[in-house]
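The following exchange asks on what grounds certain descriptions of a model are made. Each reply sets a computed value against the criterion behind the term.

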Amino acid sequence: MATLILAGSVGTGGPQNGKPHNDPADVAKVRARLTELGFQWVSGITTGTDKEFIRTIKLFQSIYKGKGQADEGDGRIDLHGTTHRWLAAQNAPGWVKVGSEGYGWKFTTPLAHGDDNGGYTTTWMADRIRWAAFEYATTAFFSVENAPPLWIRDCSPDKGGNAIGHKSHETGLDVDMRLPLLPPYTDKWDRLEGKEYSVKFHYDAALAQLKAIRSMMEPKLVLFNDPRCIKQGLCTHEANHGNHYHIRIKPPTRVEGIYK
Ligand SMILES: [Zn+2]
């Protein structure tokens, strides 16, 4: 059972209601919990006012709020407040490397700047990519010829925060996926432009992928510009989303751990 028992508040601000603030024992417990969840870069911090520690609390807050940018929190953990409860939750978001491949999906090189800019994500996203890929691959095996895997491209930077070349992608809740292509490009990924798009695009595979994404990923957004897919309610139009899907997932309902 996930557990995080604190005596007071941690992070920005000062004491409230006569409870301690940034008590060293509390800071150590939060540090240990964040480290356990995969936010390992805070493992060496010693004070509750440490800049990187505060940034990481804000990142964690932005994740459970379902935001695409990492500055959506106040950097403060109030005793028994929402942040405290999410940190203690059974399904608290962890931070992980996406990995290279699994059943029905493959990771491709991020658009630019390598894995440090797009090779990391939350455990929430990692799970849902696996669920969607399983659903897609199982369906496509019977019904779609030459079905490629889900091509997972940019997720988030190694420590969250600013992702070069993206407006969002800061919190491990966004993923870009390359489009499925027809033979002889089935096992390749490509940036499709203009004419190439209609020639190489594997529409039937895309339909199966988008349906699996809709049913298994709890998406808040699916951005992709194929008018046929939009007409079926599978995605919505957004500038610069003609050659990939951009998916943002919703946070799950919190499953409480022990926090008091
Ligand atoms: Zn994107």
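**Grounds for the descriptions**

Q: How far apart are the centres of domain 1 and domain 2?
A: In this predicted model, the centres of domain 1 and domain 2, taken over C-alpha atoms, are separated by 31 Å. The domain assignment places domain 1 at 10-88 and domain 2 at 96-249. To the contact between them, domain 1 contributes 13 residues and domain 2 contributes 15 residues.

Q: What makes up the area that domain 1 and domain 2 bury between them?
A: About 1,000 Å² is buried between domain 1 and domain 2, and 60% of it is on carbon and sulfur atoms. On the side of domain 1, Trp41, Ile63 and Gly68 supply 42% of the area buried against domain 2, more than any other three residues.

Q: How many salt bridges, and how many residue pairs in polar contact, are found between domain 1 and domain 2?
A: The rule finds 0 salt bridges across the interface of domain 1 and domain 2; a salt bridge would require a side-chain nitrogen of Lys or Arg within 4 Å of a carboxyl oxygen of Asp or Glu. Polar contacts between domain 1 and domain 2, with both residues at pLDDT 80 or more, number 7 residue pairs. Helix α2 (residues 51-64) provides 6 residues, the largest share of the side of domain 1 that touches domain 2.

Q: Why is Ile63 counted as buried or exposed?
A: The relative accessibility of Ile63 is 0%, and the cut-off for buried is under 20%; Ile63 therefore counts as buried. Ile63 lies in helix α2. Beyond its neighbours within four places in sequence, Ile63 is in contact with residues including Phe39, Trp95, Trp124 and Leu173.

Q: Why is His237 counted as buried or exposed?
A: The relative accessibility of His237 is 55%, whereas exposed requires over 50%; His237 therefore counts as exposed. His237 is placed in the loop between α8 (227-231) and β10 (244-249). Leaving out residues up to four places away in sequence, His237 touches Phe224, Asn225 and Ile230.

Q: Which residues touch the most other members of the largest nonpolar core, and why is this core said to lie between domain 1 and domain 2?
A: Ile152 and Met217 touch the most other members of the largest nonpolar core, which has 62 residues. Domain 1 (10-88) and domain 2 (96-249) both give residues to this core, so the core lies between them. Not counting residues up to four places away in sequence, Met217 touches several residues, among them Met125, Ile129, Val175 and Ile247.

Definitions and conventions:
Residues are numbered from 1 along each chain as its sequence is written. This is a predicted model: local features need pLDDT of at least 70, side-chain atom pairs count only at pLDDT 80 or more; totals for chains, interfaces and linings use all residues. Side-chain values use heavy atoms; hydrogens and water are left out. A nonpolar core is a set of buried Ala, Val, Leu, Ile, Met, Phe, Trp, Tyr and Cys residues joined through side-chain atoms within 4.5 Å. Buried means under 20% relative accessible area, exposed over 50%, partly exposed in between (1.4 Å probe, protein chains only). Domain bounds come from an automatic or database domain assignment. Contact means heavy atoms within 4.5 Å. Buried area is the accessible area (1.4 Å probe) that two parts lose on being put together, summed over both. A polar contact is a pair of N or O atoms within 3.5 Å; within protein, one must be able to donate a hydrogen and the other to accept it, and residues adjacent in sequence count only if both atoms are side-chain atoms. Helices (H or I, at least four residues) and strands (E, at least two) are DSSP runs, numbered from the N terminus.
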